[in-house]
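Hello,

Here is the structure I promised to pass on to you. Have a look at it first, and then read on for my notes.

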Amino acid sequence: MAAPVSLQVEFGGGAELLFDGVKKHQVTLPSQPEPWDIRNLLKWIKQNLLKERPELFMQGESVRPGILVLINDADWELMGELDYKLQDQDNVLFISTLHGG
Amino acid sequence: MCEASGRCGGCGEAPVRRRAAPACSRPRPCVKCGDGPAAVVIRIGDAFCRACFREYFVHKFRAMLGKNRVIFPGEKVLLALSGGMASSAMLRQVQEGLSRETAKRLRFVPGLIYIDAAAAVPTEGAVCGQSLVQREQTLTRMEALLQETGFPYYLASLEQALELPGSILRRGPGGDSEPSPSYKAAVEGFIQQQRQEEANGDGGTSPAGLGTQDGPAGGSHAHLPAAARTEELLRLFDAAETLTAKEELLQMLRSHLLLHTARTQGYTKVMTGESCTRVAIKLLTNLALGRGAFLAVDTGFVDSRHGDVTVVRPMRDYMAKEIAFYNHFFGVPTVITPPLHAKRREKTSIHRLMENFLLGLQVDFPSTISTVYRTGEKLSVAPAESNGELQRCLLCLCALDIAGEEELALEPTLVKEDTGNGAESRAAFIPLLCYSCRLTFKEMGPPATLPPYVRTEAQRRNCRALMKQQIQEFLLEDDEEEPGGS
């Protein structure tokens, strides 16, 4: 049984437009049998935070190509990507690099 | 070599496929200094710490400018900012580069321009209500950002493109005709001049002027253009039938506005913030649009199709990911606006399709974008392009690449129009356009909706062509042995 996990989930680069324009979300993930990892977090975000157009944020079980994920200010590729086990007070940041600059 | 990928592909093997690093909460050490904790993965397996990443990022910018040696010391350079990540990173690099100690300092004089293209994004009640408020807010935030830099800046709105002169579509003087001084000589001359100025007790004028506000039309402060103008622009975009044509139209108007500002304010160079990702996408998109002959000008470091004003792309070596990380780590401010038709689901444009395709491939094959980019780097501008005498396309100013027979293929597809209004019929425009601009033009609205400067210039060119035809027999040809007639 995993304890409830408290996280700060942030969105940037335009991704916040899919979440009512709100950049920072303080979320508490409920306790559940399997430990929380990024994969489950994404599912949870899709069900609870995503207001519209899920296909603009997610593709399959991962994020849409072009959206970067930072876990505690580090590239998620260094942390195991979808398999990273979330810990209490972690900070997960999604930055969209799509559409210009 | 790299732990992140399963096997290193040599030639002839399948491209390297990415494998995720094993899940661990302790980041690995930086591959460069071996010291700090790695924060970002660049290319396929290289994990850099923040400090090494910053050095890498800054070095790339200076190397790009130094290697290509097109920006001379003391030159006025206009930075085209969209508020997005790449152009904001470019601005930051310019600021950092200008503030270094004398020996390594960048030596040009920057100006900033922001083009408010909100009118091209139709939303319900685009001319009134909520979206107007948002537009004003974005403009205010952008102006604050520009003011903070201390450089002269210009706030333009896309509506101003409707007021451009027809001369914008003509290649400017200079560029290919005069021989430019060698770069080294120019730098030496500049340093000597500076030393003299210091010796004379002149404090030396710093390139950062006072923040001024100016529009190409001469001084509109940060308030929105007249509603009638916005409506006219909306009509123009509405008349375009496909999303692809709208995107092309937007790019065309934006680049003409940039060019106009540069010309009227005395800037000889324009820097745009196209990242490697954007350049690779543009490369393939333009191929699909029929612009294969102009890939080198459209995506290369230097774009000198306009003659007197050269467009430079210093960010084209940076992946979108590197830019995003840099902006996040080092607090580069951005103002993100929703792009053209961000949320429409039914139709899409070739641009959007190509973006999805490339980015999707990139996930599994992380060398995709750099491969496309490096292939594009091998393209060089055709000698014919730099020839100022050549016939140029009305809209994109690239050399006309169509021989006479091609017109027949397009003719049946042109909608039969009233031949009553001669110059305004579509057929009058076709001979003036290159292949891809003809395709885009076909999807735009009736010529009456086109911006006035396009119509004026088209009319002018057609008149001249007619005139030339009429006096053809009296013109001396170069290959004639004797002047005809007595």
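Leu78(B) has Gly111(B) of strand E4(B) as its bridge partner. That pair belongs to a wider set of contacts between strands: E3(B), residues 76–81, is joined to E4(B), residues 109–116, by six bridges, and the two strands run parallel. Please keep in mind throughout that this is a predicted model.

E3(B) also pairs with E7(B), which covers residues 269–272; here there are four bridges, and the strands are again parallel. If you want a place to look in the viewer, try Ala80(B), which stands opposite Thr272(B) of E7(B). As for cover, five of the six residues of E3(B) are buried.

Moving on from E4(B), the next partner to look at is E5(B). Five bridges connect E4(B) with E5(B), and this pairing is parallel too. Within it, Ile113(B) is matched with Tyr154(B) of E5(B).

E5(B) spans residues 153–157, and five of its five residues are buried. Which way do its side chains point? Tyr153(B), Leu155(B) and Ser157(B) point one way, Tyr154(B) and Ala156(B) point the other way, and all of them are buried. In a regular strand, side chains alternate between the two faces of the sheet. In E5(B), then, the residues on either side are covered, including Leu155(B) on one and Ala156(B) on the other.

Now to chain A. Its secondary structure consists of one helix and seven strands, and in sequence order these follow the pattern β-β-α-β-β-β-β-β. How does its radius of gyration sit with that of a compact globule? A compact globule of 101 residues would come out near 13 Å, and chain A has 13 Å, so the two agree. The C-alpha trace of chain A spans about 45 × 30 × 25 Å along its principal axes.

On the inside of chain A, 60% of the 101 residues count as buried. Among its contacts with a separation of 6 or more, 58% are between residues 24 or more positions apart. On the outside, chain A exposes about 4,200 Å², with carbon and sulfur atoms supplying 48% of that area. Its charged side chains number 9 positive and 15 negative, and the centres of these two sets lie 6 Å apart.

Happy to talk any of this over once you have had a look.

Best wishes

Methods: Residues are numbered from 1 along each chain as its sequence is written. Chains are lettered from A and ligands numbered from 1 in the order in which they are written. This is a predicted model: local features need pLDDT of at least 70, side-chain atom pairs count only at pLDDT 80 or more; totals for chains, interfaces and linings use all residues. Side-chain values use heavy atoms; hydrogens and water are left out. The radius of gyration is taken over C-alpha atoms; the globule rule is 2.2 Å times the number of residues to the power 0.38. Buried means under 20% relative accessible area, exposed over 50%, partly exposed in between (1.4 Å probe, protein chains only). Contact means heavy atoms within 4.5 Å. Accessible areas come from the Shrake-Rupley method with a 1.4 Å probe; for residues, only the protein chains shown count as cover. Lys and Arg count as positive and Asp and Glu as negative; His and the chain ends are not counted. The place of a charge is taken as NZ of Lys, CZ of Arg, CG of Asp or CD of Glu. Two strands pair if DSSP finds at least two bridges between them.
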